[in-house]
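Please look through the sequence and the structure shown here before reading on. The report below is meant for someone who meets this structure for the first time.

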Number of protein chains: 2
Amino acid sequence: LTLDEILERHRPTIERTLRESFAGRALGFYAPMRYHLGWEEADGRPSQRGSGKGLRPALCLLACEAAGGDPARALPAAAALELLHNFSLIHDDIQDGDRERRGRATVWTIWGVPQGINTGDGMIALSYLSLLRAGHSSPPAVVGRVAQTFAAAQLKICEGQYLDISFEDRLDVTSTDYLEMIGLKTAALLSGAAEIGALLAGAEHVAAFRAYGQNLGLAFQITDDVLGIWGDPTVTGKPAANDIRRRKKSFPVVYALEQSHAAGDGRMAAIYAAPDMEEAAVAEVLAILEERRARSHAHAIAERFHHAALTELAPLPQNEGKRLLIELSTALVEREY
Amino acid sequence: LTLDEILERHRPTIERTLRESFAGRALGFYAPMRYHLGWEEADGRPSQRGSGKGLRPALCLLACEAAGGDPARALPAAAALELLHNFSLIHDDIQDGDRERRGRATVWTIWGVPQGINTGDGMIALSYLSLLRAGHSSPPAVVGRVAQTFAAAQLKICEGQYLDISFEDRLDVTSTDYLEMIGLKTAALLSGAAEIGALLAGAEHVAAFRAYGQNLGLAFQITDDVLGIWGDPTVTGKPAANDIRRRKKSFPVVYALEQSHAAGDGRMAAIYAAPDMEEAAVAEVLAILEERRARSHAHAIAERFHHAALTELAPLPQNEGKRLLIELSTALVEREY
């Protein structure tokens, strides 16, 4: 199965649940949210763009299924995870000064930074309101554990974001630092998504799901990092070597900087110490990454996390949900976009 | 009783509970939060400044007491309300470009806008984690209702902030618009604080507490607005006519603009249409506010909400908590700081 085929499975119900969060919310405050989610243009006209991949909600529903539950019970939580993820994107775009996302102007470039911050804040509140709707179909004690997991994941996203921002001014970030950062910024929410799905299935022991999601998240982010540099522009929709040009300190870059430093080679550090990245420097960075085997190393690390994710699932009883969780992890490391 | 005497009552236990939220949190990410809360200086040295008045947590504990509960059960929720309030202050300072709060540099001026946004985001997550600790001493179903009330209040804060920001470019904001805005931005959290306190006392019917908090919040904000213009600088610690100089569209200003417009008097609108406020203009605005009786009108409106708050409490059985809720409302409209 391709990634799209797996994610398609629950997409319509997730989309419907997401839209329910906005039912009756007419204040102009909600317009930038609907815009960001791809449902509207900036002027309020309907849009068919749709939002992102929907990985987190799909993971939550599949984990619920794998743990023997009815995925319908996890829908409000799945929508909450997607909203929380999108809050982080809205604030991330402000923090990074990014003017475009998925080929469209970012929220803050249209509505300004003050309203942009506020839009993200409001999406957090909406995410909790959606999450708490899980109480309609699950016992309050379960919803309590779910909310605890959700809030803990939100805090980790922020801890990871703190590290990510603080890495910007540093050239001595190690692979270990980097893995800690993405473990918080990216993997914690995927881990939470899998754990929440299992909790809403009524499972008592959810450690395997949590660990599966964490490893999946690490594999996912490193694969993302590889695609950000070597992805095919016709498939990813982004320029070649995009993350090099943007001076992003993604895993291959951090690894090559670390290896260069150990080898007493200061070329790459000099390039990243400069405020801008000329085209000649982009080419040189690509050559150094090749020299340091950064791509194959990143691939190997992603594969390692992928296998760790599968190992966590192994003891679980076989069913359709488990089969799809395995397919999901495989599709995420093998994807080309 | 003075406001301080009422708020002192639970301050030490609230402070202790707040600090528990930070136990074991060593990452540099938490330093700006501790700074903002007045526990540390920017370089990490301990500080004895302390945080704000602590109105929201005190209100929550007093409501719990008034509803016949043990206020200790409401402590995690009280701390959560204080954290949520402080998130909104941290983001507000960025949104307004304010460089100082309570005589100190604001978080974003020290750590930058990206980390400032992230600090506020993290404080939201911490607030939910604190709130959910209420589950240790209250049934899960009650905590579910509490969390629902809390998230709904958070959403309203953001709706109010949306309106407040959008008012900045407008000169046609009416008193009604303004009351709607502060009903969301300020009063919703005070309303939530009172409701949550009552819920944690085990009360089934909490509408009176909710309405008390809402009216109290409106009276509180309008009194704040009066003090922001006519407060005694030696008591408030802020320059005289501070909110006029800052061009804040607070209640007396909105009211005077509205009255001026109705009377075909464009002097005040002309002053507020200009990007800066010269000292001569400040004096002229003060004279127009006097002419339009904006101060006495604001006082009368604050009194009206204060009495509406007391009316909501009237049917409740008499006890120490109720007595203090009455004192609190009185102290809030009579305060001079």
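What follows goes from the relation of the chains to a helix, the aromatic residues and some single residues.

## The two chains

The model described here is a predicted one. When chain A is superposed on chain B, the operation is a rotation of 180° with 0.0 Å of shift along its axis, and the RMSD is 0.0 Å. That is the relation of a two-fold axis. The same surface serves both copies, since 100% of the contact residues of chain A recur in chain B.

Which residue of chain A comes closest to the rotation axis? It is Pro140(A), whose C-alpha lies at 2.6 Å from that axis.

## Helix H2 of chain B

Helix H2 of chain B runs through residues 11–20, and in this helix Ile14(B), Thr17(B) and Leu18(B) are buried. These residues lie on the same side of H2(B), because they cover an arc of only 100° around the axis. The general background is that an α-helix has 3.6 residues a turn, so residues three or four places apart point the same way.

The cover over the buried residues of H2(B) includes two helices of chain B, helix H4 (55–66) and helix H5 (75–96). On the face of H2(B) turned away from the buried side, by contrast, are the exposed residues Pro12(B) and Arg16(B).

## Aromatic pairs

Over all chains, the structure holds 17 aromatic pairs. One of them is formed by Phe251(A) and Tyr255(A), which are stacked, with 6.4 Å centre to centre and 20° between the planes. Both residues lie in helix H12 of chain A, residues 251–262, where Phe251(A) and Tyr255(A) are four residues apart, about one turn of the helix. Phe251(A) and Tyr255(A) are also both buried.

Phe22(B) and Trp39(B) form an aromatic pair that is edge-to-face, with 5.3 Å centre to centre and 85° between the planes. This pair links distant parts of the chain, for Phe22(B) is in the loop between H2 and helix H3 (31–36) of chain B, while Trp39(B) is in the loop between H3 and H4 of chain B, 17 residues apart. Phe22(B) has a relative accessible area of 6% and is therefore buried, and Trp39(B), with a relative accessible area of 4%, is buried as well.

## A cluster and two charges over rings

One aromatic cluster is formed by Phe22(A), Phe29(A), Tyr30(A), Trp39(A) and Tyr162(B), and so has members from chain A and from chain B. The ring of Trp39(A) has the charged end of Arg19(A) sitting over it, 4.5 Å from the ring centre. In chain B, the charged end of Arg104(B) sits over the ring of Tyr35(B), 3.9 Å from its centre.

## Glu40 of chain B

Glu40(B) is placed in the loop between H3 and H4 of chain B. Is this residue, Glu40(B), buried or exposed? Its relative accessible area is 14%, and because buried means under 20%, Glu40(B) counts as buried.

The side chains of Glu40(B) and Arg34(B) are joined by a polar contact of 2.7 Å. When residues up to four places away in sequence are not counted, Glu40(B) touches Ala31(B), Arg34(B), Tyr35(B), Arg45(B), Pro46(B), Ser47(B) and Arg104(B).

## Arg102 in both chains

Most residues other than glycine have a negative phi. Arg102(A), however, has a positive phi, near 50°, in a residue other than glycine, and Arg102(B) has a positive phi of about 50° although it is not a glycine.

Arg102(A) has its place in the loop between strand E1 (100–101) and strand E2 (104–105) of chain A, and it is partly exposed, with a relative accessible area of 42%. Arg102(B) is found in the loop between strand E1 (100–101) and strand E2 (104–105) of chain B, where its relative accessibility of 41% makes it count as partly exposed.

## Tyr178 of chain A

Tyr178(A) lies in helix H8 of chain A, which spans residues 175–200, and it is buried, with a relative accessible area of 3%. Leaving aside neighbours within four places in sequence, Tyr178(A) is in contact with Phe167(A), Val173(A), Gln221(A), Asp225(A), Lys249(A), Ser250(A), Phe251(A) and Val254(A). One of these contacts, Phe251(A), is also a member of the stacked pair with Tyr255(A).

Conventions: Residues are numbered from 1 along each chain as its sequence is written. Chains are lettered from A and ligands numbered from 1 in the order in which they are written. This is a predicted model: local features need pLDDT of at least 70, side-chain atom pairs count only at pLDDT 80 or more; totals for chains, interfaces and linings use all residues. Side-chain values use heavy atoms; hydrogens and water are left out. Buried means under 20% relative accessible area, exposed over 50%, partly exposed in between (1.4 Å probe, protein chains only). The arc is that of the directions from the helix axis to the C-beta atoms. Contact means heavy atoms within 4.5 Å. Copies are superposed by least squares on the C-alpha atoms of residues with pLDDT of at least 70 in both. Rings of Phe, Tyr and Trp (its six-membered ring) pair if their centres lie within 6.5 Å; planes under 30 degrees apart count as stacked, over 60 as edge-to-face and the rest as tilted. A charge sits over a ring if NZ of Lys or CZ of Arg is within 6 Å of the ring centre and within 35 degrees of the ring normal. A polar contact is a pair of N or O atoms within 3.5 Å; within protein, one must be able to donate a hydrogen and the other to accept it, and residues adjacent in sequence count only if both atoms are side-chain atoms.
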